[in-house]
Amino acid sequence: MSLPYRRVLLKLSGEALMGDEDYGIDPKVIGRLAREVIEAQQAGAEVGVVIGGGNIFRGAGLAAGGMDRVTGDQMGMLATVINALAMQDALEKLGGKVRVMSAIKINDVCEDYIRRRAIRHLEKGRICIFAAGVGSPFFTTDSGAALRAIEIGADLLLKATKVDGVYDKDPKKYPDAVRFERLDYDEVISRDLQVMDTAAFALCRDSDLPLRIFDMSQPGVLLRILRGEPIGTLVQGRR
């Protein structure tokens, strides 16, 4: 069965790796996420991954506590490298061929990010994990995910969350909240739905990169999306 999406980039939050823990990485959770990625690749998809660092450090939070923002963001970038290496290990335990590519130079640990090399890895059936955001402070890993997705020519950017899509208001607070199955970029802006941070969303809009927001906690959900099931909320340009 051919997949509607040949090449995708999956954005995971650092918090997704914690499971029920208060900090760090839950091996069971990262193992389950790795199985989802392996299943998608074995079905024929070329998969890139970006993982946040919020389970270890969050630069903006440290800055709010008085730390220099640039220093805090640099610590956050290093946290994403830690998460990327953990995911690499989990994927390789399942037989995956994986490359971690960092936007900051850390050659003894992983490769430098080079766009053409990343595309070649994907073409050769390797999973690419893109670490350290965009390599500069003041940009979130959402921005890093959008940028890398565009650079590698991804057909779809997947943002995994703890909610099964985008709602008109917080579904945890309002039982009558309505989930959107499909939105266009202008609707997201006019409704101020906070799908991603502004810079990341602008990148997606300007490059007409479709974005799907979904709940990653459902087993097998990634492969179902890649097969074309309308899970979560799809954000794209007007058709």
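This briefing describes one helix-helix contact and a selection of salt bridges. The model is predicted, and every value below was computed from its atoms. Helices H1 (residues 27-42) and H3 (residues 69-93) cross with their axes within 9 Å, and the count of salt bridges comes to 15.

**Packing of H1 against H3**

- The axes of helix H1 and helix H3 come within 9 Å and cross at roughly 65 degrees, and the crossing of H1 and H3 is right-handed.
- On the H1 side the contact is made by Ile30, Leu33, Ala34, Val37 and Ile38, while H3 contributes Ala86, Met87, Ala90 and Leu91.
- The residues of this contact between H1 and H3 comprise nine that are nonpolar, with no polar and no charged residue among them.

**Salt bridges involving strands E3 and E4, and Lys105 with Asp112**

- Side chains of opposite charge can pair when their charged atoms come close.
- Glu111 is joined to Arg99 by a salt bridge in which the closest N and O atoms are 3.5 Å apart; this pair links distant parts of the chain, with Glu111 in strand E4 (residues 111-112) and Arg99 in strand E3 (residues 98-102), twelve residues apart.
- Both partners are classed as partly exposed, since the relative accessible area of Glu111 is 22% and that of Arg99 is 28%, and the class in between runs from 20% to 50%.
- Lys105 and Asp112 meet through their side chains in a further salt bridge, at 3.2 Å from N to O.
- In this pair Lys105 is exposed, with a relative accessible area of 69%, whereas Asp112 has a relative accessible area of 18% and therefore counts as buried, the cut-off being under 20%.

**A salt bridge within helix H4**

- Arg120 and Glu123 form a salt bridge, with 3.6 Å between the closest N and O atoms.
- Both residues lie in helix H4 (residues 115-123), where Arg120 and Glu123 are three residues apart, about one turn of the helix.
- Arg120 is partly exposed, at a relative accessible area of 45%, and Glu123 is likewise counted as partly exposed, at 46%.

**A salt-bridge network**

- Salt bridges also link Arg6, Arg7 and Glu46 in a network.

Terms used
Residues numbered from 1 in each chain as written. Predicted model: local features only at pLDDT ≥ 70, side-chain atom pairs only at ≥ 80, totals over all residues. Heavy atoms only, no water. Axes fitted to C-alpha atoms, helices over the stretch in contact; angles between N-to-C directions. Helix = DSSP H or I, 4+ residues; strand = E, 2+ residues; numbered from the N terminus. Left-handed = near helix turned anticlockwise from the far one by under 90°. Contact = heavy atoms within 4.5 Å. Nonpolar A, V, L, I, M, F, W, Y, C, P; charged D, E, K, R; others polar. Salt bridge = Lys/Arg side-chain N within 4 Å of Asp/Glu carboxyl O. Buried < 20%, exposed > 50% of the residue type's maximum accessible area, 1.4 Å probe, protein only.
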